Amino acid sequence: MDNKDIFDIQAGAQLTRFVQLQGGKDNIHITLRTGSQLDLYCVEAEGGERTVLIDLEAGARLCLVSLTLHEQQSHLSLHVRLMGEGAEASLNGAVIGSGHMDARQELLVEHCVKGCTSDMLYKQVLGGESTGLISGRVLVDAGAQKSLSEQTFASLLTSPMARAYAQPQLEIYADDVRCNHGATVGKLDEAALFYMRQRGIPEPEACLLLQHAFVGDVLQRVADEQHRAKLTALVEQRFRGQMTMCNVCTNKCKNEDETRSYENENEDEN
């Protein structure tokens with residue numbers, strides 16, 4: 001059995017964390033105690049298997065933004081339980097695929113009590129022969145009245161060989177809720193691409209700009225400006241084919257000033 005990493009966020013704490021997920025298997029359990037807040041920004045720079053359980057007590061708030069930037073195989077199983085009244089969870093992600101990448105994300109948000117809010121916003125930009133699967137399920141338990149939930153999944157295919165799958169699901173056992181979901185799959189906007197080329201922007205650069213704009217609303221969910229700038233730069237490097245493990249690695253292999261851990265640069269703890 002894999003070891004489990006357990007994290008307990010104290011009541012009333014406000015934390016911002018950056019996490020780099022490397023290869024192998026991860027089994028993580030996070031508990032947000034009453035009134036705590038966690039902004040969690042993850043970069044999946046290598047393939048692997050991740051199992052994550054996050055529990056939220058009353059009034060706790062979670063904002064998760066994850067970027068999948070590798071060309072390997074990965075599987076994420078994420079279960080968020082809203083266990084206290086007034087808990088809020090915002091789950092956001094961008095998958096940028098190329099080559100033979102195969103990224104599968106299975107998301108489950110469980111509204112266990114009344115008066116909780118959740119939303120999912122996931123975007124995929126898939127090229128080469130890559131495959132992306134996002135399965136999102138919202139479960140509203142009996143008695144979890146006044147639940148609010150939104151799911152938005154969108155995929156952009158930049159290659160005829162790429163494949164995108166989206167499976168938004170609702171399972172509701174309460175009668176006073178407001179839950180919505182939607183999923184789209186499309187290609188680059190030819191009209192927008194033509195417009196940009198007419199104004200002197202080379203086609204590769206125009207494609208990059210359109211792809212970056214497509215995932216921009218996911219990056220906007222990053223509240224901290226320094227973290228947002230760093231993640232935006234990683235996304236651009238990925239689109240340009242410039243990103244390597246050294247861009248995000250937290251190991252100090254070179255000059256310490258050049259490779260300082262981003263995780264330690266921008267922690268915000270109150």
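In this predicted model, the largest nonpolar core comprises 35 residues, and those that make the most contacts inside it are Leu-32, Ile-54, Leu-56, Leu-78, Val-80 and Leu-91. Strand E7, which spans residues 73–82, supplies the largest share of this core, namely four residues. Apart from this core lies another one, of 30 residues, which includes Leu-156, Leu-188, Met-196 and Val-218. Within the 35-residue core, the surroundings of Leu-91 can be listed in detail: when residues up to four places away in sequence are not counted, Leu-91 touches Leu-62, Leu-64, Leu-78, Val-80, Val-109, Asp-119, Met-120, Leu-121 and Tyr-122. Two of these partners, Leu-78 and Val-80, are themselves listed among the residues with the most contacts inside the core.

For the protein as a whole, the secondary structure amounts to five helices and 15 strands, and buried residues account for 48% of its 270 residues. Of the contacts between residues at least 6 apart in sequence, 76% join residues that are at least 24 apart.

Seven of the strands form an open sheet, in which the order is E1-E3-E5-E7-E9-E11-E13 and the pairing is parallel. The edges of this sheet are formed by strand E1 (5–9) and strand E13 (163–172), each of which pairs on one side only. From one strand to the next, the twist averages 10°. In a regular strand, the side chains alternate between the two faces of the sheet.

The pairing can be followed across the sheet from the edge strand E1. Strand E1 pairs with strand E3 (residues 25–32) in the parallel sense, over five bridges; in this pairing Asp-5 stands opposite Ile-28 of E3, and Asp-8 has Thr-31 of E3 as its bridge partner. Strand E3 in turn pairs with strand E5 (residues 48–56), again in the parallel sense, over eight bridges. Here Asn-27 stands opposite Thr-51 in E5, while the bridge partner of Thr-31 in E5 is Asp-55. Thr-31 is thus a bridge partner both of Asp-8 and of Asp-55. The next pairing, between E5 and E7, is parallel and extends over nine bridges, with Glu-49 standing opposite His-75 in E7.

Towards the other edge of the sheet, strand E9 (residues 102–111) and strand E11 run parallel and are joined by ten bridges, and the bridge partner of Val-109 in E11 is Val-138. Val-109 is also one of the residues touched by Leu-91. Strand E11 and the edge strand E13 likewise pair in the parallel sense over ten bridges, and in this pairing Gly-132 stands opposite Ala-164 in E13. Nine of the ten residues of E11 (residues 131–140) are buried, so this strand is largely enclosed by the rest of the structure.

Two packed helices are described by the angle between their axes and the distance between the axes. For helix H2 (residues 203–214) and helix H4 (residues 225–239), the packing angle is about 140° and the axes are 10 Å apart. The two helices, H2 and H4, are therefore oblique to each other, and H2 passes H4 in a right-handed crossing. Where the helices meet, H2 contributes Leu-208, Gln-211 and His-212, and H4 contributes Thr-232, Val-235, Glu-236 and Phe-239.

Cys-207 also belongs to helix H2, and its relative accessibility is 14%, so this residue counts as buried. When neighbours within four places in sequence are left aside, Cys-207 is in contact with Leu-188 and Leu-193. Of these two, Leu-188 is among the residues of the 30-residue core. Cys-207 and Phe-239 are separated by 32 residues in sequence, and their C-alpha atoms lie 9.6 Å apart in space; Phe-239 is one of the H4 residues that meet H2.

How values were computed. Residues numbered from 1 in each chain as written. Predicted model: local features only at pLDDT ≥ 70, side-chain atom pairs only at ≥ 80, totals over all residues. Heavy atoms only, no water. Core = buried A, V, L, I, M, F, W, Y, C linked by side-chain atoms within 4.5 Å. Buried < 20%, exposed > 50% of the residue type's maximum accessible area, 1.4 Å probe, protein only. Contact = heavy atoms within 4.5 Å. Pairing = 2+ DSSP bridges. Axes fitted to C-alpha atoms, helices over the stretch in contact; angles between N-to-C directions. Parallel < 35°, antiparallel > 145°, perpendicular 65-115°, else oblique. Left-handed = near helix turned anticlockwise from the far one by under 90°.
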